[in-house]
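Here is a short set of exercises to work through with the model open beside you. Try each task before reading its solution.

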Amino acid sequence: MTESLEDTPDAGLMGSIAELGGVSTEALRLLLTLMAGYPIAALYTKYVADLPLKMLHHVFFFTCGAGLCYFNYGVGTYHSLLGILVTYLLVLFLRQNIKLLIGLNFAFHMTYLLLGYFFTSSNEYDILWTMPHCILVLRMIGFGFDISDGLKANEALSKEQKETALPQVPSLLELLAFAYFPSGFLIGPQFPMRRYQNFINGDYRRHEGNVEAGMRRLAAGVFYLIVCQVGLSVLPDSYFLSPEFAKVGFIKRIYLLGFWAKFSLYKYISCWLLTEGALIYIGFTYKGTDEHGEPDWSGCSNVKLVLLETGNTMEHYVQSFNVNTNQWVGQYIYKRLKFLNNRTISYGAALGFLAIWHGYHSGYYMAFLMEYMVVSTEKQITNFYDKVVLPRYGNFLNSSDVYKILYFATLKSYNIVYMGWCLASFVYLKYERWIVVFKAVNYYGFIWLLIWAAFYQSYLYLSRFGSKSSADATGGKKTK
């Protein structure tokens, strides 16, 4: 299942250009593919958008997307073609058997993806055919759910399901165009078939402002890409594995790790902004109107920049980063586990699915475990602060300017240093790599979580014990 670089077209030429630019060939291909979304959008708008025959629209997007896929992965493109064909056949023959359709579709795609990871993974984040394939896996699994929802009575569907349900089976060509949509197949974002159909039907073209909004997103993507490259040239990944990093003062160490995490996040954010800009430019992302009555083109946004840059907690990161994937997991995994009647188990299962979807590396599992632990701890701290601290000291604290400054500085510091801790395992992937970083910063992330857990559990125990003692004392009094 492995394909070498030589399997892709013009590997020698691309390798020479990449060497001149100081990047890998795979990264250069990826960047060129993201940027190709803009001329493709311009060509579609000028020559194809107004054609009455929908088949021509599907042919255009399938040809462009599959061509870009081949440009990146050569013969490895057959993996995605096979996955799409299997889903289409399952829908054709098992549409009336919902449980079997969903089960086989889910099992096939996850198994194929995990086998791909098994045969291709290394110590680094690999730009191989498995990267767009993990996007395709979610798209095909979601498509299977939407097909099954189309068979249900309307009153049995949630609001989200009503918006994505497919009462009719699309053609194979339409499914191929949906799966290979040029600015969505490589790194996302996720979107349902219904959005693609609405776009092809011209539902979004009557709204204006998409070109300008797309160019603004492109500019933001270029800016974040530059910041990322400059930041990671100053704080490269290799530095945090070196003995020199471990010798730096502890406070400086954890802040350096936090700033490195920011720059590492910008690598993903810049790519998402570039591809989102192309989707906006072509008019694909219409969401409705904003509070000013203007068209809102954020329907496929994968990052909430304002919340990302102004947020103070890990939960803010979760809410602002990889938004579409999180929404997909929420709609197709978390909410479909409603029958368990336990939000904690459903949330844990959703995070477990995300970790498995990313691959076998232990770093993914540690990262999502830390997300679960840190977000849970933040909720406990917020609960303690609101119910214990504010009722007693709220008047004094809220009237103190010094406290407000300290409060802001504390949250920002926490935001920086804990982001570094949580992202380290996600980036370094292998245990023997990320454990070096954890050790270099004295395992501070674990230690502070354990200190809080001990304090909070003691507080809960003493509160219950105190309440019980008061109740016993009250109940033990005799009435004269």
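**Exercise 1. A salt bridge between two helices**

Is arginine 217 buried or exposed? Decide this, then find the partner of its side chain in a salt bridge.

Solution. Keep in mind that the model is predicted.

- Step 1: The relative accessibility of arginine 217 is 18%, so this residue counts as buried; the cut-off for buried is under 20%.
- Step 2: The partner is glutamate 276, and the closest N and O atoms of the salt bridge are 3.0 Å apart.
- Step 3: The two residues are 59 residues apart and link distant parts of the chain, with glutamate 276 in helix 12 (residues 250-282) and arginine 217 in helix 10 (residues 210-234).
- Step 4: Glutamate 276 has a relative accessible area of 3%, so it is buried too.

**Exercise 2. Another bridge from helix 12**

Which residue forms a salt bridge with lysine 262? Say also where each residue of the pair lies.

Solution.

- Step 1: Lysine 262 pairs with glutamate 309, with 3.3 Å between the closest N and O atoms.
- Step 2: This pair again joins distant parts of the chain: lysine 262 belongs to helix 12 and glutamate 309 to helix 13 (residues 305-310), 47 residues apart.
- Step 3: With a relative accessible area of 14%, lysine 262 is buried.
- Step 4: Glutamate 309, at 28%, is partly exposed.

**Exercise 3. A bridge within one helix**

How many residues apart are glutamate 163 and lysine 159? Work out their exposure as well.

Solution.

- Step 1: Both residues sit in helix 7 (residues 159-164), four residues apart, which is about one turn of the helix.
- Step 2: Their side chains meet in a salt bridge at 2.9 Å, N to O.
- Step 3: Lysine 159 has 64% relative accessibility and therefore counts as exposed, since the cut-off is over 50%.
- Step 4: Glutamate 163 counts as partly exposed, at 45% relative accessibility.

To complete the picture of charged pairs, the count comes to six salt bridges. Asp149, Lys152 and Arg336 are linked in a network of such bridges.

**Exercise 4. Classifying helix pairs**

How are helix 18 and helix 19 oriented to each other? Do likewise for helix 15 with helix 16, and for helix 6 with helix 8.

Solution. Two packed helices are described by the angle between their axes and the distance between the axes.

- Step 1: Helix 18 (residues 401-428) and helix 19 (residues 431-440) have axes that come within 8 Å and cross at roughly 155 degrees. Angles over 145 degrees count as roughly antiparallel, so helix 18 is roughly antiparallel to helix 19.
- Step 2: Helix 15 (residues 323-334) and helix 16 (residues 343-358) pack at about 125 degrees, with 10 Å between their axes. That makes helix 15 oblique to helix 16.
- Step 3: For helix 6 (residues 130-149) and helix 8 (residues 172-179), the axes come within 11 Å and cross at roughly 140 degrees. These helices are therefore oblique to each other.
- Step 4: Now add the handedness. The crossing is right-handed for helix 18 and helix 19, for helix 15 and helix 16, and for helix 6 and helix 8.

**Exercise 5. A nonpolar surface patch**

Which residues form a nonpolar patch on the surface?

Solution.

- Step 1: The patch is made of Leu51, Leu53, Met55, Leu56 and Val59, which together have about 400 Å² of accessible area.
- Step 2: Take valine 59, which lies in helix 3 (residues 54-73). This valine 59 counts as partly exposed because its relative accessibility is 34%.

Notes: Residues numbered from 1 in each chain as written. Predicted model: local features only at pLDDT ≥ 70, side-chain atom pairs only at ≥ 80, totals over all residues. Heavy atoms only, no water. Patch = residues over 30% accessible without salt bridge, like charges linked within 9 Å, V, L, I, M, F, W, Y side chains within 5 Å. Areas by Shrake-Rupley, 256 points an atom, 1.4 Å probe, with all protein chains shown as cover. Salt bridge = Lys/Arg side-chain N within 4 Å of Asp/Glu carboxyl O. Buried < 20%, exposed > 50% of the residue type's maximum accessible area, 1.4 Å probe, protein only. Axes fitted to C-alpha atoms, helices over the stretch in contact; angles between N-to-C directions. Parallel < 35°, antiparallel > 145°, perpendicular 65-115°, else oblique. Left-handed = near helix turned anticlockwise from the far one by under 90°.
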